[in-house]
Amino acid sequence: MPKIVKPILTFLMCLPAFVFSQDFSGEDYIFLKRHEHIKIALNNNKFDIARNISEQAKYITAKKLYFANESIGYDSFTSIENIKAFTELPEANKTIEVDYIETKREFDNGIFYSDQESKNFTFPAVTKGAITNLSYTEVLKDPRFLGMFRFGTFVPTKSARLTIEFPKNVTIGYIDFNTENIDLKFVKEETSSGYLYTWTVENVEGFQSEDRSEAALYYLPHIIVYIKSYEVKGKSHNILGDVKDLYSWYATLVDQIDEKSLEKVYTITDKVTEGLTSDREKAKAIFNWVQDNITYVAFEDGLGGFIPRGAASVCDKRYGDCKDMANLLYEMLNYAGIASYRTWIGTRDRPYSYYEVPTPMVDNHMITTTIVENDTIFLDATDSYVPFGMPSAFTQTKEALLGLDKENFKVIKVPIQDINKSITTIETVMTLDNSTLKVQEQRALTGYEKVDFISDYVYKKDDKTEEEYLNTTLALGNNKTQYRDITKDNFDNSESPLILKYDLNIDNYAKTVAGKTFVNLNIDRTLAKSKIDTNDRKYSKKIDNKFRKVFTTTFTIPEGYEVTSIPKPLSFDNSDYGYQIHYTKENNKIIQYKTLYINTLKVNNNEFETWNSFIKSLVKAYKKSIVIEKDL
Amino acid sequence: MKKLVYLILLVSSTGFAQYYKTYDWKSNPKLHELTSAELSEASVGILKKNIVEYQKSLFGSGLNRFETQHTIVRVNNDYGINRHNTVYIPMYEVKQVVDIKARTIHPDGKVTLLNKDNIKEVKNVEEYGDFKIFAIEGAEEGSEIEVLYTVEKQYDMHGTETIQSDFPIKEARFLFITDGLNANIKAYRTDKSFETVDVNGKPSKQIVLKDIPAMLREEYATPDANKITVAYQCFPEGQNVTHEMFWENVVSNIGSQFFAGEIKQKVIDDIKGFVKDDKELTTFKVASMVDNFIKTNFIIIKNNNAELSDLDYILENRSASEFGIIKAYAQYLSALNIDYEFVITANRYEYKFDPEFFTPGMLRNFIIYLPSEEKYISPSRIEYRVGEVPSNILGNYGLYMNKNFEYYFSKIVQSDPNFSRTKRITNITFDEDIESATLDQNHEYYGHWAITNRAILNLSPKESIKQFEDFLTSSGIEDKVIESFETENTDMNPVEYNPPFVVKAKVTSESLLEEAGDSYIFQIGKVIGTQSELYQEHERMNPIEMDFPNQYDYTITIHIPEGYEVDGLDALKIYKSYTAPSGEKVCKFESDYTLEGDKLVITIQEFYRTNEYDISSYEQFRTVINAASDFNKASILLNPLD
């Protein structure tokens with residue numbers, strides 16, 4: 001991922017707060033104020049930009065004293081100056097200054113090396129009633145990184161304010177998000193030397209993430225401000241007026257890519273595509289080679305966080321981050337005669353469009369777009385298992401910015417991948433041995449169904465045995481289900497379906513009452529736990545990809561028995577999600593046909609009731625058993 | 001002039017004696033032969049060699065200390081590559097890096113050497129200090145990654161090295177060169193012992209271990225603390241320090257700081273605020289008041305600020321290090337005439353505290369013991385109050401010292417063996433159509449359960465609290481609806497001993513009932529919440545260590561609907577237990593029922609009297625643990641009365 005400037009690390013969506021009364025008396029900790037003043041000056045065509053931050057927070061209880069730990073992040077594009085921090089103790093009529101600030105680094109799982117550092121300190125003597133005060137200045141070294149201001153944060157804020165002061169020859173752009181439900185006031189003022197814009201809002205509730213909800217930026221009220229242009233001596237200079245300006249800047253960065261020793265890359269390309277004739281085959285071979293041979297290791301160091309490393313160096317080192325892999329693919333594909341473009345993109349957790357937000361905030365990822373036989377294909381080699389032809393799931397719906405040449409670009413949307421690309425087909429054969437259900441099952445997984453299974457298996461199985469892993473993830477039958485003869489084929493990034501096979505023994509599964517034996521053929525209860533708790537749910541549900549599961553379950557009626565009851569067909573049909581189940585009897589076999597589908601990437605709040613009806617109906621259908629009785 | 005030449009000669013000849021200078025990797029590396037089993041591992045350590053070399057300094061009485069690590073690892077898949085392609089070398093106590101080199105030997109025999117310009121320096125990382133980091137260049141499936149580095153460290157008499165890892169290692173060597181100085185070395189959790197070998201004419205110690213298995217993350221275990229480890233000491237010339245002398249030194253050094261001298265005025269003033277003149281005050285209550293006061297007014301900080309151990313600073317800023325906060329406790333407790341002992345120990349999941357071999361790295365956790373109450377205070381644990389020790393310390397050894405600087409070692413145990421227990425009463429009714437079951441639940445949690453529950457409820461983010469509510473109300477019922485949920489005794493600052501954390505909830509579910517002709521199958525087993533199965537496909541590696549001894553008592557009453565009778569009750573009778581060689585029944589799962597009119601009353605008792613079990617009793621232990629998951633799948637039938 002390319003560099004993302006995060007000016008204030010203290011914003012953590014995962015931190016707690018509840019109860020949303022206006023006086024916030026039910027809270028443990030609130031912000032009395034969070035104010036930011038951005039001052040932009042222009043001298044000799046050079047910007048001086050400083051963000052002055054001033055915050056005041058109150059400990060309503062002594063429960064969460066850990067909020068006293070403060071961390072201010074910065075990197076090579078910013079510096080932090082004039083930190084003033086102190087605790088006020090109104091009861092004791094006392095203030096105590098922070099007298100120790102430490103500069104620290106952190107190891108991050110996703111980024112191996114980064115120039116991100118932080119200033120860390122702890123407010124002294126916090127307790128119930130304490131008020132902490134913090135102010136500092138963040139100096140920005142690049143006018144493209146004005147960043148964002150959040151009107152709301154993880155705990156309530158009594159007063160949030162953003163002001164921006166800039167000279168008359170500078171033009172500012174701004175756009176706010178998710179502010180419909182807050183009383184945001186905006187005032188423009190003209191001063192002797194320029195303009196002053198002020199946004200204020202009082203009493204903003206706290207925001208915390210919810211299980212399987214859209215990312216924070218989809219509901220957090222915030223504003224993005226940016227410098228569009230400036231004028232000096234009648235001549236206008238563009239900074240980020242529109243997406244064209246953003247692209248021009250990206251083009252200058254790409255221009256700095258090290259193009260040394262590309263012949264090494266070409267040799268590999270020749271080898272990888274040897275004997276292949278069609279562009280599609282070649283493109284696929286190149287993509288798979290990068291997926292298989294380049295490991296994800298990210299370095300974020302100054303502009304190096306934006307400029308891909310040379311393709312030859314990435315080949316030598318066998319590691320790189322998204323932009324390194326994207327650039328390597330670009331070089332290899334173009335060398336093979338397949339038109340390809342370096343592509344900037346924001347992942348699904350960024351809700352922005354290049355047209356609305358022409359700033360580096362809009363994207364956080366890089367891929368390669370290639371045109372093969374008139375098909376536009378998005379290639380993301382950071383996803384080691386995604387098959388050629390499909391974008392990584394987390395880029396669906398997002399705008400891709402393709403660099404065509406130094407001046408020209410194109411913005412296109414990554415399409416949602418059709419449901420028919422991600423299918424799990426489950427063929428199950430069941431027999432009954434007293435009360436034990438004996439099962440042979442084969443699962444064929446395609447598309448994202450396959451990608452997810454393999455990624456989870458590789459990175460989450462840990463030291464669990466295969467049996468334990470499958471029993472806790474597939475959860476077939478009951479918690480005592482025994483797995484035998486587990487095999488996996490096509491456990492790779494190919495388009496062929498992953499084939500997973502195993503035999504199961506499920507003890508005490510069938511129930512016999514008064515000569516009737518009840519057997520429930522729904523050993524797989526996918527989605528049964530997906531009901532949304534609507535009581536205090538606030539944000540929409542996010543779904544990673546569309547998928548369909550198709551089950552065919554064949555139950556052999558034990559000798560000497562006959563079937564006396566078969567459940568009626570049941571279904572829930574909706575364009576976005578649903579299921580169908582029906583049973584047939586063929587000779588001595590009962591066959592259950594079951595299909596489950598999710599054909600959307602999002603369930604909005606006003607659809608929760610419908611979603612819950614779907615789940616309720618499905619759970620009801622899962623409860624139905626067949627009944628067999630001994631022949632008379 | 002002549003003198004200078006002599007001096008240079010001396011330096012170089014002594015220099016030659018340093019073993020690390022002659023140690024190197026092979027000039028023409030080849031891939032190693034591996035068995036098919038080894039090739040099926042994500043990665044396999046082929047060599048892990050550590051050389052710790054102490055050397056008399058040329059000038060003065062100081063000692064030089066060099067550490068060399070040489071590793072070769074085969075990476076067989078993506079996971080293996082990801083595990084080994086980033087290298088972090090800690091710079092803690094490092095005076096200078098002598099050399100760092102790394103290479104990749106490719107399956108085709110080609111070698112990629114690390115470009116040293118790509119080694120990055122990272123300063124002051126979290127609490128770990130500085131690091132040199134680099135990514136391995138050229139690693140692909142089937143490669144071997146070889147890393148060799150030597151650092152010169154500040155002289156420290158003590159050191160440790162963890163030999164075992166999360167992946168198998170074919171050969172590990174630890175070489176301890178001490179230049180004729182007095183030294184001690186001890187290897188933990190291996191039958192192999194150190195042998196004397198000759199290194200450049202000096203007797204040295206070496207241990208060689210072959211085919212070390214990967215340490216598995218087993219459940220009910222402390223795998224990190226159970227790895228094969230080496231601890232060593234090397235003393236300045238002419239000195240020989242016994243372990244006893246070290247312990248005495250710790251006691252006099254630390255003890256003098258932690259047994260309060262003069263009580264500060266600020267402390268006396270504070271006490272006036274939180275201890276009211278009350279004749280009912282017991283030692284326990286007063287100690288609880290001190291604990292509550294400190295935990296709601298002081299904050300513990302982990303950084304390098306030396307003042308956080310200074311008493312005046314601590315009292316003024318209400319901020320302290322983990323070490324410094326003890327001084328605050330000492331002040332308040334002494335001012336209130338409470339007798340206490342000070343205990344140094346370690347997290348048992350990381351280190352097994354060894355009273356017989358002094359290793360400063362193990363002196364990590366500081367707790368306070370109240371001998372008259374047989375209770376502990378855990379100063380750095382925000383969720384604990386006067387009572388038993390936190391579960392991560394329970395069972396480890398500790399160094400106890402009193403105000404007279406007398407000391408002793410003891411295993412840290414619970415004074416109340418029944419500290420942690422859960423009592424659940426559930427009443428189950430069905431709606432008229434027998435489509436839905438209603439579970440009326442009344443749960444009482446004691447001990448560590450209560451402490452953890454309070455902490456989660458008070459300190460966690462909303463999303464976790466949601467999950468927590470699910471956990472407390474029969475987790476695993478797929479369509480469960482929580483109709484009501486109330487908690488009692490949630491305050492984290494109680495002054496009585498072990499008050500129960502109470503949950504009163506009402507939940508409904510349709511999925512617990514399945515139609516079976518005119519009958520209904522009721523999945524009673526799911527009412528006790530998800531119970532996971534304890535698997536064992538390979539031989540158990542770790543002795544059993546549970547978090548803490550605990551007991552569950554459940555009473556589940558099913559109100560049988562009118563016109564129905566219950567059947568299939570045999571599944572409700574389960575009895576599994578393990579009786580230790582001492583004759584004591586140490587763990588048990590027992591479920592039973594009685595049928596009284598229209599009430600089916602199921603009782604379950606499950607207990608684990610101790611948290612430690614020998615590895616040889618693993619199968620018996622597993623049978624008891626899995627009995628709960630046997631019960632989990634129990635179901636009964638509701639049959640119509642003709």
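User: What is the relative accessible area of Lys123(B)?
Analyst: Lys123(B) is partly exposed, a class lying between buried (under 20% relative accessible area) and exposed (over 50%), with a 1.4 Å probe and protein chains only. This is a predicted model, in which local features need pLDDT of at least 70, side-chain atom pairs count only at pLDDT 80 or more, and totals for chains, interfaces and linings use all residues, while side-chain values use heavy atoms and leave out hydrogens and water. Residues are numbered from 1 along each chain as its sequence is written, and chains are lettered from A, with ligands numbered from 1, in the order in which they are written. For Lys123(B), the relative accessible area is 45%.

User: Which residue does the side chain of Lys123(B) meet in a salt bridge?
Analyst: A salt bridge here is a side-chain nitrogen of Lys or Arg within 4 Å of a carboxyl oxygen of Asp or Glu. The N to O distance for the bridge of Lys123(B) is 3.4 Å. The partner is partly exposed, with a relative accessible area of 38%, and its name is Glu121(B).

User: How many residues apart are Lys101(B) and Asp24(B)?
Analyst: Lys101(B) and Asp24(B) form a salt bridge whose closest N and O atoms are 2.7 Å apart. The pair links distant parts of the chain, with Lys101(B) in strand S4 (residues 94-105) of chain B and Asp24(B) in the loop between helix H2 (19-22) and helix H3 (36-39), where helices (H or I, at least four residues) and strands (E, at least two) are DSSP runs numbered from the N terminus. Lys101(B) is buried at 17% relative accessible area, whereas Asp24(B) is partly exposed at 44%. Along the chain, the two are 77 residues apart.

User: Is Arg443(A) buried or exposed?
Analyst: The side chain of Arg443(A) meets that of Glu441(A) in a salt bridge of 3.1 Å, N to O. Glu441(A) has a relative accessible area of 5% and is buried. Because the relative accessibility of Arg443(A) is 4%, this residue too counts as buried.

User: How many salt bridges does the rule find across the interface of chain A and chain B?
Analyst: Over all chains, the whole structure holds 82 salt bridges. One of those across the interface joins the side chains of Glu478(B) and Arg525(A) at 2.4 Å, N to O. Across the interface of chain A and chain B, the number found is twelve.

User: About what area do chain A and chain B bury between them?
Analyst: Contact, meaning heavy atoms within 4.5 Å, brings together 78 residues of chain A and 81 residues of chain B. Buried area is the accessible area (1.4 Å probe) that two parts lose on being put together, summed over both, and here 51% of it is on carbon and sulfur atoms. Between the two chains, the buried area is about 6,800 Å².

User: Which helix gives the most to the largest nonpolar core?
Analyst: A nonpolar core is a set of buried Ala, Val, Leu, Ile, Met, Phe, Trp, Tyr and Cys residues joined through side-chain atoms within 4.5 Å. The largest has 87 residues, and those with the most contacts inside it are Leu328(A), Leu437(A), Phe555(A) and Phe614(A). With eight residues, the element that gives the most to this core is H8(A).

User: How many residues does the second, separate core have?
Analyst: This core includes Ile477(B), Leu512(B), Val586(B) and Phe631(B). Its number of residues is 66.

User: Near what value is the phi of Lys233(A)?
Analyst: Most residues other than glycine have a negative phi. Lys233(A), in the loop between strand S15 (222-232) and strand S16 (235-238) of chain A, instead has a positive value. The residue counts as exposed, at 84% relative accessibility, and its phi is near 50°.

User: What share of the residues of chain B count as buried?
Analyst: Chain B has twelve helices and 35 strands, and its C-alpha atoms fill a box of roughly 115 × 75 × 50 Å, taken along the principal axes. Among its contacts between residues at least 6 apart in sequence, 73% join residues at least 24 apart. Of its 642 residues, the share that count as buried is 56%.
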